[in-house]
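Q: Hi! I've got this model open on my screen, could you walk me through it?
A: Happy to, have a look below.

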Amino acid sequence: MASVAPSDPAFAGQAFYTPFGLRAYDAIAYGFNSTVLWRCPRGRLVELYDENVSARHLDVGVATGSILDRCRFPVADPEITLMDLNPNSLSAAAETLARYAPRTHQANVLEPWGLPADGYDSVAICHLLHCLPGEMPEKAVAFEHAKSVLAPGGVLFGATIFGTGVDLSAAARAMIALSNQRGVVSNYGDGPEQLDAALAAAFPSHRLTVRGAVGLFTARAG
């Protein structure tokens with residue numbers, strides 16, 4: 001089972017997700033931040049899932065599972081695997097999605113995932129990259145790991161909050177500064193150009209669009 005020590009750079013990005021924090025997560029992250037600060041409401045993320053989610057899906061960085069809870073799967077009984085470093089998030093999302101009997105898998109996205117090769121037709125990494133430590137080239141190892149578990153023709157998709165290269169309101173800049181200072185996010189150097197380059201290195205066939213301060217991406221496995 002994966003674990004992370006408080007001294008690990010990855011610790012701060014997932015430390016908020018206590019049982020108490022998760023009860024407030026949707027109201028904070030989607031009720032206010034996504035709509036007001038990042039200008040990319042939860043409905044747009046649900047649309048991204050609707051367009052790309054498959055019958056064999058892996059969700060990485062699951063929070064409460066509220067996006068998966070709202071999206072439309074192409075089949076009535078999808079095979080869902082939930083992956084996260086934080087066991088509280090895994091428990092909360094598994095409870096939200098109990099009707100699908102999802103599998104849970106605790107792992108660090110920056111380390112080998114320990115999941116079967118070619119095991120999934122879709123992988124989502126949604127609102128996780130900005131929480132990872134380091135610059136985009138360091139975070140991009142997650143794309144290589146995703147590619148290793150995607151079946152031929154499978155799709156990686158997701159979203160991340162940019163800290164540069166997009167139009168940010170004064171309130172958004174203040175929140176990004178505070179969150180970076182606390183180590184909750186690490187995205188000062190994350191912008192569309194950096195994300196596009198990281199995707200291109202792993203997936204020649206990819207697409208990146210910007211909505212507000214958020215990058216929405218898809219990439220297709222060969």
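Q: What volume does the largest pocket have?
A: About 540 Å³ in this predicted model. A pocket is an open set of points on a 1 Å grid where a 1.4 Å probe fits, with protein on both sides within 12 Å along at least five of seven lines; the volume is the space filled by probe spheres on the points.

Q: Which residues are closest to its centre?
A: I28, N33, S179, V184 and V185, of the 22 that line the pocket; lining residues have an atom within 4 Å of a point.

Q: Which helix gives the most to that lining?
A: α2, with six residues. By class, the lining has 14 nonpolar, seven polar and one charged residues.

Q: Switching topic: is S66 buried or exposed?
A: S66 counts as buried because its relative accessibility is 4%, and buried means under 20% (1.4 Å probe, protein chains only). S66 is in helix α4, residues 66-70.

Q: What does S66 touch?
A: D26, Y30 and R42, leaving out residues up to four places away in sequence. Contact means heavy atoms within 4.5 Å.

Q: And which residues of α7 are buried?
A: A142, F143, H145, A146 and V149. Seen down the axis of α7, they fall within an arc of 160°, so they line one face of the helix.

Q: Any small print?
A: Residues are numbered from 1 along each chain as its sequence is written, and side-chain values use heavy atoms, without hydrogens and water. Local features need pLDDT of at least 70 and side-chain atom pairs 80 or more, while totals for chains, interfaces and linings use all residues.

Terms used
Buried < 20%, exposed > 50% of the residue type's maximum accessible area, 1.4 Å probe, protein only. Helix = DSSP H or I, 4+ residues; strand = E, 2+ residues; numbered from the N terminus. Arc of directions from axis to C-beta. Nonpolar A, V, L, I, M, F, W, Y, C, P; charged D, E, K, R; others polar.
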